[in-house]
Structures are given as structure tokens and as C-alpha cells.
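Visitor: I should be grateful for a close look at one part of this model, with an account of what surrounds that part.

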Amino acid sequence: MEGNSNKKVWKFGSRWSENGTYDSCIADTVFNRYNIAFSYTHAVLDANAGDLIALANGWTIVAIGEILSQPDEIKNLSIKPTPQDQKNYFDDENVCGCIVHYYWLSPEDRFEYCRRGKFCHAPQIADRVNSLFKKYNALNNSNM
């Protein structure tokens, strides 16, 4: 259960195909490149700047991050995609997303979260994601 000091956590999926096949993961090639998370659902608009995300590749959470922008339709976010990425991912008016500051999890910190859906509220993993976010944020700050 979410504690009072914890931020709300949302799970985004990174497999961009109808069947969610392994080879359709765009975590590194799109989400990481543009520091963005998005999904084919307007429910993304329920998230807020300051909330956390858990980015999944299938069942495995591979990255966590903090939402930096208010979620909006993808066309309204300040990103500059390549023409090919624009065509493949950013032209659809039904896609909503947000700008995210990511921390890519080490293999030891990755974990399974077996809930279907490309986007969902994830209170079941809020404590773990908040703890990992504090850990990676502290490591990042100490390296600066």
C-alpha cells in the first residue's frame, strides 16, 4: 500500500505492437531517446508531474522515472523526433504521454510485475518503485 511519503506510481509498457512481442520493445530506441513515456490511452492524462513511472518490457520492470511534464497528447509535447519516429510513433492523435527523467535499472534491481496493460496505476509496486527511485536519485546526486 502507498505510504504518505510515497509518490503515485504508474506502469507503462514498452512493447509497441498489437501482440506485445519481444522484438517490438521500444524502451531504448524511443522512450530513452526522447525521455518520454506514452500509451494508446487517454487515462495517461490522470498522471501528474512528480509522479513516478515503472517502465516494463513485458513483465519485467527495466526502468523507473519521474514525470517532468503534465501528461498531454503526444503532439503537444516538446520533442523533436526523427521523421521515421514521427511516422511510426508520434503521428497518432490517440497517443498521450509525458516527459520523464529515467533511471535504467541494473539487472539486480529489475523485477517482475505481472499486470497486463500498456498503462495502469500501480499501487502494488509503489513502495518498491519509490525506494528504487530514492536509491538511484541519491546515486545520481552523489556522482554530480
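Guide: What follows is a close look at strand β3 and its surroundings, ending with helix α2.

The model is a predicted one, and the description below should be read as such. Strand β3 covers residues 52-57. It is mostly covered, with 6 of its 6 residues buried. The side chains divide between two directions: Leu-52, Ala-54 and Ala-56 point one way, Ile-53, Leu-55 and Asn-57 point the other way, and all of these are buried.

Two neighbouring strands pair with β3. With β1, the pairing is parallel and extends over 5 bridges; within it, Gly-13 is opposite Ala-56 of β3. With β4, the pairing is antiparallel and has 6 bridges; here Ala-56 is opposite Ile-61 of β4. Ala-56 thus has a named partner in β1 and another in β4. The link between β3 and β4 is a hairpin with 2 residues between the strands, and in that turn Gly-58 has a positive phi of about 70°.

The surroundings of β3 include the largest nonpolar core, which has 30 residues. β3 is among the elements that give two or more residues to this core, together with β1 (9-13), α1, β2, β4 (60-67), α2 and β6 (96-104). The largest share, 5 residues, comes from β6. Within the core, the residues that touch the most other members are Phe-12, Ile-36, Ala-37, Phe-38, Phe-90 and Tyr-102.

Ala-37 gives a direct connection back to the strand. Leaving aside residues up to four places away in sequence, Ala-37 touches Ile-53, and its other contacts are Phe-12, Phe-31, Cys-96, Gly-97, Cys-98, Val-100 and Tyr-102. Another core, of 17 residues, lies apart from the largest one; among its members are Ile-64, Tyr-113, Phe-133 and Tyr-136.

Helix α2, which also contributes to the largest core, spans residues 83-90, and its buried residues are Asp-85, Tyr-89 and Phe-90. Viewed down the axis of α2, these buried residues fall within an arc of 65°, so they line one face of the helix. On the other side of α2, Pro-83 and Lys-87 are exposed. The cover over the buried residues of α2 includes α1 (27-34) and β2 (36-39). Of the buried residues of α2, Phe-90 is also one of the core members with the most contacts to other members.

Conventions:
Residues are numbered from 1 along each chain as its sequence is written. This is a predicted model: local features need pLDDT of at least 70, side-chain atom pairs count only at pLDDT 80 or more; totals for chains, interfaces and linings use all residues. Side-chain values use heavy atoms; hydrogens and water are left out. Buried means under 20% relative accessible area, exposed over 50%, partly exposed in between (1.4 Å probe, protein chains only). Helices (H or I, at least four residues) and strands (E, at least two) are DSSP runs, numbered from the N terminus. The arc is that of the directions from the helix axis to the C-beta atoms. Contact means heavy atoms within 4.5 Å. A nonpolar core is a set of buried Ala, Val, Leu, Ile, Met, Phe, Trp, Tyr and Cys residues joined through side-chain atoms within 4.5 Å. Two strands pair if DSSP finds at least two bridges between them.
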